[in-house]
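Visitor: Please take one part of this model and look at it closely, namely the surroundings of the DNA, and set it in the context of how the protein copies are arranged.

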There are 2 protein chains.
Amino acid sequence: MDPLGFEHHDHRRCVAAALAAAEAHCERHRLNLTPVRRRVLELLLEGHRAMGAYDILDHLRAEGLGAQPPVAYRALDFLVRHGFAHKIERLNAFIACTHPETDHTPAFLICRGCHAVAEAHAEPTRGMLGRAAADLGFEIEEAMVEALGRCPNCREAEAAPCA
Amino acid sequence: MDPLGFEHHDHRRCVAAALAAAEAHCERHRLNLTPVRRRVLELLLEGHRAMGAYDILDHLRAEGLGAQPPVAYRALDFLVRHGFAHKIERLNAFIACTHPETDHTPAFLICRGCHAVAEAHAEPTRGMLGRAAADLGFEIEEAMVEALGRCPNCREAEAAPCA
DNA sequence: TCTAGAAATGTTACAGCATAACATATGGAG
DNA sequence: CTCCATATGTTATGCTGTAACATTTCTAGA
Ligand SMILES: [Zn+2]
Ligand SMILES: [Zn+2]
Ligand SMILES: [Zn+2]
Ligand SMILES: [Zn+2]
């Protein structure tokens, strides 16, 4: 289960593959991936970072795909509901899921330096949190895990301030 | 390490003890627990739930302790910085810490039914998240864990809709 | 085919959350 | 006494998100 991190990669291919996968998934599940929804997903994939709803909206506006906040929020809502994107609460922003299809609880590693975000897996019902919930009789339905820190690139840049 | 959950308790005593502890801590560490800051902590403790900054502000206004948003936000910022309160990102709200003094990463269990919030402990650098961070070379500085679900009281109420 | 309903979009207006910037007061340290 | 740091007060504004309603589009059933 590749945690897909901060390294560079062939982004054009990455975007195209994810979009194709999303289209196929929607086809199979009778989901309506409309132009606006498709474009918002594409924007998130292209950006490859967390984007605010109003960032998205700016693009949509420029492209004549919708000018008001609800347009962006509704598309994002669709993408989040069906697992194509996640909301990052700490940033009030959205990001394309790096491994949709699989049912998962994402855990985000957010770099304070360059604002890159990596998506890892969490298992909220295991570990200390699951133990605490069980002790309290609390039933976890959904969990959010977000860590702030420094990605390897930014740590390296700090360590070696090579003139 | 008592996870302090959803059960009832002697709340007057709970508030008084926490306030006294905060005062002592500030005394020891030369922190300035001003009237506004003290009152905001007291409000959070009394409420014993997550409160929005504007909820707090309403109280302050009514008591002549400040009428504008920055007053509430600055007091909350002080409390969060020094570990007397936490922000719950998922709710855009704040809550008094149930075990200050100890250095800890809180994990919140948020009830969808009654909006009660319990604070448990997380160990972000252990478990799957720590593993993923280590693999990616990411250095975790701070982590947020928030779970949504049903508290025992609400589950019971659902299970037994006793006329 | 016609028609009723569901789903998606478009728009207005507003609600809720948070901070920048600047003015004022207060309490030591030198 | 003066300077400086800290805290407070206020104005104004920016960012985030949604309620409500009008319009369009598609589809399923009569
Ligand atoms: Zn994901
Ligand atoms: Zn970075
Ligand atoms: Zn705490
Ligand atoms: Zn409950």
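Guide: Copies are superposed here by least squares on the C-alpha atoms of residues with pLDDT of at least 70 in both. The model is a predicted one, and in it chain B is brought onto chain A by a rotation of 180° with 0.0 Å of shift along the axis, at an RMSD of 0.1 Å. That is the relation of a two-fold axis. Among the residues of chain B, B:V145 comes closest to this rotation axis, its C-alpha lying at 2.3 Å. Because 100% of the interface residues of chain B are also interface residues in chain A, the copies meet through the same surface.

Turning to DNA strand C, 13 residues surround the strand, and the closest are A:T34, A:Q68, A:R74, B:Y54 and B:K87. Of the atoms of DNA strand C that come within 4 Å of the protein, sugar and phosphate account for 49%. By residue type, the surface near DNA strand C divides into six nonpolar, four polar and three charged residues. Helix α4 (69-81) of chain A and helix α4 (69-81) of chain B each supply at least two residues of this surface, and α4(B) gives the most, with three residues.

Individual atom pairs reach both the phosphates and a base. A polar side-chain atom of A:R37 is 3.2 Å from a phosphate oxygen of DNA strand C, and a polar side-chain atom of B:Y73 likewise lies 3.2 Å from a phosphate oxygen of that strand. For A:R74, an N or O atom of the side chain is 2.5 Å from a base nitrogen of DNA strand C.

Technical notes
Residues numbered from 1 in each chain as written. Chains lettered and ligands numbered in written order. Predicted model: local features only at pLDDT ≥ 70, side-chain atom pairs only at ≥ 80, totals over all residues. Heavy atoms only, no water. Near = heavy atom within 4 Å. Polar contact = N/O pair within 3.5 Å; in protein donor to acceptor, adjacent residues only side chain to side chain. Helix = DSSP H or I, 4+ residues; strand = E, 2+ residues; numbered from the N terminus. Nonpolar A, V, L, I, M, F, W, Y, C, P; charged D, E, K, R; others polar. Contact = heavy atoms within 4.5 Å.
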